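This report looks at the aromatic side chains of one protein chain and at how they pair.

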Amino acid sequence: MIAIAIMHQINLRRIDLNLLVVLRALLAEQHVTRASRQLNMTQPAVSHALNRLRAVFKDPLLVRSGAGMLLTSRAVELANNLEVILQDVSQLLEPRGFDPAQAKGRLRITATEGAIVAVLLNCLARMSGMAPGIEIEISSQMTQTYDRLRSGEIDAALDVFSDIPHAGFCTQPLFSNVLVCVTRKVRNPTPDPITLRDYRSANHAQITGGTNVMIEKHLSAARIKRKMGLSLPGYVTAAAIVAQSDLVLTLPEMLARRAAEMFPLQIRRLPIKLPKVTLSLIWHERRDADLIHKWVREEIISATSKISTRKSFRYL
């Protein structure tokens, strides 16, 4: 309170915070030359700063006495509180510390079912233990993602994006994945890779969302058109149906691997090599410096860095 009172005794518009740093050195050294050495400033610059301080505080602050200088009564009063003032200013300007165990807040993330399974499952379990006061709401509504990020309806999104607007958005690519397909597992394994003829003639299932947009784009560039028999919003449902039918499902390798762990599916390479698809995390720039949001994003990024270093799956 004393520190605040002293600051209010002067016109704050006239004070340069750097002057307080100079004042601290002058009061400690009681000598302009020694203070200039401590501050790594020239002596004339320190003398000029002292004159400005005298004008601000309306007091000589230091008066000559023999070879040195003595503090005035006002300077002694300031010396007792100056360090507190500078510490308060430093704490004001420095970023706040963050303790996830004590943090309280809420985030809304939209992510495809595949992103939830491949990335978020273990990550969410870990975060809930580390930060019990942070509520994370997950949805798989992937429509109007950018508008919802702008409006604040959601705080972040996880998907394969092909047209992220640059203005106002922050993007973190997480990992890239090759595209493969899965078919029902049969007693005698079918050829791997699937032949182009079989791929063209088969009925296909597709998972709606950003990944499928990129798959269609790549296949169209290769002049391959699929016969679509089923469109589904989630990859788990799609994989379950493919495991009981003759449908072919094209998807990223990571999801194919997870699906094959849950259902009797054979993972097969595509008849042509397509570009990889990249899962990305995006958020609006106004959330960029929020400490809770930043911590959650860093946890997601850390989890996916472990995924991206795993060896490629060996097809069966």
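Is F98 buried, partly exposed or exposed? The model is a predicted one. F98 has a relative accessibility of 29%, so this residue counts as partly exposed, since the buried class ends under 20% and the exposed class begins over 50%.

**Aromatic pairs**

The model holds 3 aromatic pairs. Two of them are set out here.

| Pair | Geometry | Centre to centre | Angle between planes |
|---|---|---|---|
| F98 and W295 | tilted | 6.1 Å | 45° |
| Y146 and F169 | edge-to-face | 5.7 Å | 65° |

F98 sits in the loop between α5 (73-93) and β3 (105-111), and W295 belongs to helix α12 (residues 291-308), so their pairing ties together parts that are 197 residues apart in sequence. W295 has a relative accessible area of 9% and is therefore buried, whereas its partner F98 is partly exposed.

The pair of Y146 and F169 also links distant parts of the chain, 23 residues apart. Y146 lies in helix α7 (residues 145-151) and F169 in strand β6 (residues 169-177). Both Y146 and F169 are buried. These two rings belong to a cluster in which ring pairs link Y146, F161 and F169.

**A charge over a ring**

Which residue lies over the face of W283? R297 does, at 4.2 Å from the ring centre; the cut-off for a charge over a ring is within 6 Å of that centre.

How values were computed. Residues numbered from 1 in each chain as written. Predicted model: local features only at pLDDT ≥ 70, side-chain atom pairs only at ≥ 80, totals over all residues. Heavy atoms only, no water. Phe/Tyr/Trp six-rings, centres within 6.5 Å; stacked < 30°, edge-to-face > 60°. Helix = DSSP H or I, 4+ residues; strand = E, 2+ residues; numbered from the N terminus. Buried < 20%, exposed > 50% of the residue type's maximum accessible area, 1.4 Å probe, protein only. Lys NZ or Arg CZ within 6 Å of the ring centre and 35° of its normal.
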